[in-house]
Amino acid sequence: MSSKTISDRVEALLAEMTIEEKAGQLTQYFYFGGLPDPEPGTEIHVVPSKMRAYVEAQAKIGGVGSVLFVRDAAELNRLQKLTVEGHRLGIPLLVGYDVIHGFKTIFPMPLAVAASFEPAIAERGQSIAAKEARSIGIHWTFAPMVDIARDPRWGRIIEGAGEDPYLGAAMAAAQVRGFQGSDLAAGENVLAGPKHFAAYGASLGGRDYDEVNVSDSELHNVYLPPFEAAVKAGAENFMTAYMGVNGIPATANKYLITDVLRNEWGFKGFLVSDANAVFNLITHKFAKDKAAASAAALNAGLDMEMAMIESGYAGIPEAVANNEVSIEIIDDAVRRVLTAKAKLGLLDNPYVDVERSQKVLNDPAHRIAARESAEKTFVLLKNEKNALPLDAANLKSIAVIGPFGDNKRDLLGPWSFAFDVNETISILDGIKSRVGAGVKVEYAQGVAHERRIHPSIFDGDPNNHVNDPADFNEEVEFAKAVALAKISDVVVMVLGEQQAQIGEQAARSTFELPGRQLELLKAVAATGTKVVLLMQSGRPLDLNWASENIPAIMNIWYPGTSGGAAIANTLFGDISPAGRLPITWVRSVGQVPMIYSRHVSHEPHNSDNRYWNEPGSPLYIFGHGLSYTNFAYSDLSLDKKALSKTDSLNVDVVVTNTGNRDSDEVVQLYIHQRYGTAIRPIREMKGFKRLHIKAGESANVSFVLTPRELRYWNAAVKGWVNDSTHFDIWVGGSSAAELHGEFEVK
Ligand code: BGC
């Protein structure tokens, strides 16, 4: 549809709407399709069946612009029909959903995909997720989550790209491209909604939803760059965060929404609040009533509210009547929502072909892509004496031990909803099918599945957790696991956190392995059988003992539907792991927050000495990750020794695979500004490239540093600056890269 036609149609609809209908267009309701009501007596207060009845009644009177949480094509067709045919304006619903890392086919968690250091992997995964979701009538995802996270106590660290703004920006842009594709009306893509604008990851103490106090310098240099990259990549939507940023709720934050997002970055799409966040301006003790809450959000630049039954936007008519917000502002917001519907082609046809959707959802190519993605994400933290890969030809028996060894649901990670758990390949299944009948593969759980009751409504979905049988006896199972280890040639131990222990509302104040997992690891290791440890984790769980006593440790994150196959291919060397840590792996929770890009202190030689009780360095650094070969870096060349502030610098390096296995390598470039008009980080990543290099071969890798990579936001001048200074530059395989060069900016 041409933009002229789009705007004509939008204006024609707008001219017909009452103020109540405009408020309705700006309201998105949870629908909770297919979710059972909670058992009487539980803590959960949301009743999905009531929500559904309410939303349907509202739809018929033009009271709903959008719904979220429906995952069935036929149900969505029915809802669209009752909305379109039930009301004189006939405006279809915009359907949103948290498609975070896959829809039916679950891809690795976003933090895992960031560990691939390969944005193309993120783009491909999200384009498949978009295709599946769109096939059933979903038009919009609340993703990517692009919050920089530097405090792993915060469970939502798993939803983003980790601690680094440069990596975060690359992953943000790639995901937006993947979700949105090039033609939103073609029925294969969805609107992307980067979230949570802004700085949600800086919540105090890593406690979810707690306040954020962030300096201007951190805001611009660290937290905002991924959002800006998402706008540049064409994101059509943004979601505001729940909490206050320096005391002003993000949802009513005019500086962030209007000054930065719209005016400075030129964002043209629409914004939605996080769940209930307009209404919550009242509970947040910011707005006195619904009219004031509506006015505060709309005047700041917000468009839509995501709501439960208590919608804050129910106060819009009163706010307009009291002149708290102008009708022009309301109209602009409605225009933006209607424009999104028109761009998606919904004004012509909001229905989907249910049969076609089944084919799309079950496309075997999607499971293969999920496996290939997962294979890119594993981070081999330690591999003493080439403990990995395993050689299947020399093994007679393998013991898979631990609560996540034969566990399908937890392998998918949080923020997975429309999956079919039965098609998930567990680690046990993956290993069995990789080694074939010639090797005996046996499983022992060892310790209980400590069930965490998650406070969200989704805890009510029985598909969401793995329960032990009522007669599960941990003593007996523990002993069985140790006995199995004793008689096996090798143990593949799978430990970590279950999916409900990380994600939203899953902050944690310790990083110990939950339950008796460490005790089990120690007992299994004491048998003398070689142990390979797989960590299913999205935060730096305590690996102090393991790092000294277990020869091989690989972090597998939450690898998704085809995870078990990807893991088996990696364990047995068909694939060389090459993922890198997108977060600093601390030794203890007391070190948090700890990042690689800290500022140099006045006493740089002493920086590893900050605690008297343990080293001031982390256990594993940012960018760390081994593979089954080694790489050497040489011939670093810069095309200039000195450049002006508007010049770019070309950087070339030779990377050689010096081992005897083909492998990917993640080449990383870091800079450091030696002096200037502010103190700058000790190192900052400003380039990375993942490439495949065959054993014995070399590759030339080139980077370009533009003035943008060399600039930073300076608190003294309250703006971006490029200083006249000298820079150090390093290129290598981690944030400890050693190959060094230097240049001057005049
Ligand atoms: C989360 C958002 C999510 C929304 C809808 C909120 O609690 O913060 O990230 O998109 O729920 O599920």
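Colleague: Why are α8 and α9 called oblique to each other?

Modeller: In this predicted model, where local features need pLDDT of at least 70, side-chain atom pairs count only at pLDDT 80 or more, whereas totals for chains, interfaces and linings use all residues. Residues are numbered from 1 along each chain as its sequence is written, and side-chain values use heavy atoms, without hydrogens and water. Helix α8 (residues 216–223) and helix α9 (residues 225–232), both DSSP runs (H or I, at least four residues; strands are E, at least two), pack at about 45 degrees with axes 6 Å apart. Since angles, taken from 0 to 180 degrees between N-to-C directions of axes fitted to C-alpha atoms, count as roughly parallel under 35 degrees, roughly antiparallel over 145, roughly perpendicular from 65 to 115, and otherwise oblique, the two helices are therefore oblique to each other.

Colleague: Which residues of α8 and α9 make the contact?

Modeller: On α8 they are Leu-219, His-220, Asn-221, Val-222 and Tyr-223, and on α9 Pro-225, Pro-226 and Phe-227, contact being heavy atoms within 4.5 Å. They divide into six nonpolar, two polar and no charged (nonpolar: Ala, Val, Leu, Ile, Met, Phe, Trp, Tyr, Cys and Pro; charged: Asp, Glu, Lys and Arg; polar: the others, Gly among them).

Colleague: How do you know that Tyr-242 makes a polar contact with the ligand?

Modeller: A polar side-chain atom of Tyr-242 lies 2.5 Å from a ligand oxygen, and a pair of N or O atoms within 3.5 Å is a polar contact. The same test is met by Arg-156, at 2.7 Å from a ligand oxygen, and by Lys-195, at 2.8 Å. The ligand alone exposes 310 Å², of which the protein buries 94% (Shrake-Rupley areas, 1.4 Å probe).

Colleague: How is the shell around the ligand divided?

Modeller: Its residues comprise seven nonpolar, one polar and five charged.

Colleague: What makes the peptide bond between Phe-197 and Ala-198 notable, and where is Ala-198 placed?

Modeller: The bond is cis, with omega about -5 degrees, and Ala-198 is in the loop between β5 (191–192) and α8. Leu-388 to Pro-389 is also a cis bond, with omega near 0 degrees, and Pro-389 is found in the loop between β11 (379–383) and β12 (397–401). Most peptide bonds are trans.

Methods: Polar contact = N/O pair within 3.5 Å; in protein donor to acceptor, adjacent residues only side chain to side chain.
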